[in-house]
Amino acid sequence: MTAKDPAAVVSRAAAGPPVRILWVFDFDGTLSPLVPDRTEARLHPASRALLRDLAADPGNGVAVLSSRSLDDLVPRVPVARAFLGGGSGFEWRLPGGHRVLPGEAAERKLAETREAVLPLLGRLSVFPGVDLEDKRWSVAVHFRRVLPEAMSMLAPLLAEIAALPGIRVFRGPSAAEVLFFRGANKSFGVRRLCRILNFDPASGRLVYAGDDENDAVAMRWILSRKGTALVVGDRVRVRGARNVADPADLARVVRALSRQLGAGSGRREGEGAACGATK
Ligand SMILES: [Mg+2]
C-alpha cells in the first residue's frame, strides 16, 4: 500500500488504545440467522450482547465485516464501539462514525468494471428463480429457487463471468458472489482493518467467525497467522477451524474463548459487564 492509502492515513490517527485481541465477525449467517428475505436480517440478541460485551474491554477490537455495502450494514449493527466493514472491507466505519473509504481511483475502477459486467449479470436475471442482489462492490446471484435442471444452463454463464479479468466469483450452495475487485475479498478486508488499527497479528490475537467461501479466504489467512477461526453452520469447510452450529452457539463459544484468552485488560467506563462475566 502507498502512503496515500486512506487506511494508512487513518492508522496514524489510530482509533483508541492498542488492541490485544481483534475479533472479526461476518454478519449474515454468523451474527444474524439466515432469513428468506435478506432485507429482514437482524443481529441475533445473543450476538448483540456479545459484541457489546467484547467492545467493553479496551484490549479488544471488535469488527463486523460484511459483503453488504456499508450503508446497508451500519443500521443493522447498533454497537457504537464496533468497527464496521462493508464491501468485504473496502469501506470501514470506525467507532465515532469516521469512514475510511477506498479513494477515487478505486471508485473509478469500480464504475468501469460495473459497466462491463452488469450487462452480463443482467442475462442471468431472466432465469426463473434467479435473484440478483447488487451490493455495489459485488453482486450476489441467488439461485436457491432455480430448478435443478435449469442450473445446468446457469452454470456456464456464471463461469463466463468468473473468467472476466479482475473478477472473482465465490460459489456457495444457494448463491454466487461476484466480486468486482478480484483481490478485494474478506482476507483483504481483515488486512485493511489491521492497518487501520496498527494491529500486528504476530503480537496480538486474531479471531474470525464466518459462514461462507468469502469468509473461508479470511479464515485461512488468519489461521496462517496462528489466529482462531470459527465456522458457523456447515456451508463451508476450513481445515483447522472450529465449527459451531448457529449465532447463539457462536456467542457461547466466543465468550468461553474470551475467558480462555484472558481478555479483560479492563472495562471501559459506563459499560456493562465485560465479556465472560455474563451469561
Ligand atoms: Mg455470511
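Let's start inside the fold: serine 88 is buried, with 30 other C-beta atoms within 10 Å of its own. Keep in mind that we're looking at a predicted model here. Serine 88 sits in the loop between β3 (83–86) and β4 (91–93), and its backbone has a quirk: phi is positive, at about 60°, although the residue is not a glycine.

There's another residue with that kind of backbone angle. Asparagine 198 has a positive phi of about 55°, and it is not a glycine either. You'll find asparagine 198 in a loop too, the one between α6 (186–197) and β10 (205–210). Is asparagine 198 buried or partly exposed? It has 14 other C-beta atoms within 10 Å, so it counts as partly exposed. The cut-off for buried is 20 or more, a mark that serine 88 passes with its 30.

Now zoom out to the whole chain. It has eight helices and 12 strands. Of its 279 residues, 41% count as buried. If you take the contacts with a separation of 6 or more, 57% of them are between residues 24 or more positions apart.

For a look at how two helices pack, go to α4 (residues 104–124) and α5 (residues 148–162). Their axes come within 10 Å and cross at roughly 170°. Which way do they run relative to each other? Angles over 145 degrees count as roughly antiparallel, so α4 is roughly antiparallel to α5. On the α4 side, the contact is made by Val117, Leu120, Leu121, Arg123 and Leu124. On the α5 side, Leu154, Leu157, Glu160 and Ile161 do the job. Sort the residues of this contact by character and you get seven nonpolar, two charged and no polar ones.

Last stop: alanine 248, which lies in helix α8 (residues 247–260). How many C-beta neighbours does alanine 248 have inside 10 Å? The count is 15, which means that alanine 248 is classed as partly exposed. Leave out residues up to four places away in sequence, and alanine 248 touches His44 and Ala46. There's also serine 32 to check: it is 216 residues from alanine 248 along the chain, yet their C-alpha atoms are separated by 9.3 Å.

Conventions. Residues are numbered from 1 along each chain as its sequence is written. This is a predicted model: local features need pLDDT of at least 70, side-chain atom pairs count only at pLDDT 80 or more; totals for chains, interfaces and linings use all residues. Helices (H or I, at least four residues) and strands (E, at least two) are DSSP runs, numbered from the N terminus. A residue is buried if 20 or more other C-beta atoms lie within 10 Å of its own, exposed if 12 or fewer, and partly exposed in between; C-beta atoms are placed from the backbone. Two residues are in contact if their C-beta atoms, placed from the backbone, lie within 7 Å. Axes are lines fitted to C-alpha atoms, for helices over the stretch in contact, and angles run from 0 to 180 degrees between N-to-C directions. Angles under 35 degrees count as roughly parallel, over 145 as roughly antiparallel, 65 to 115 as roughly perpendicular and the rest as oblique. Ala, Val, Leu, Ile, Met, Phe, Trp, Tyr, Cys and Pro count as nonpolar, Asp, Glu, Lys and Arg as charged, and the others, Gly among them, as polar.
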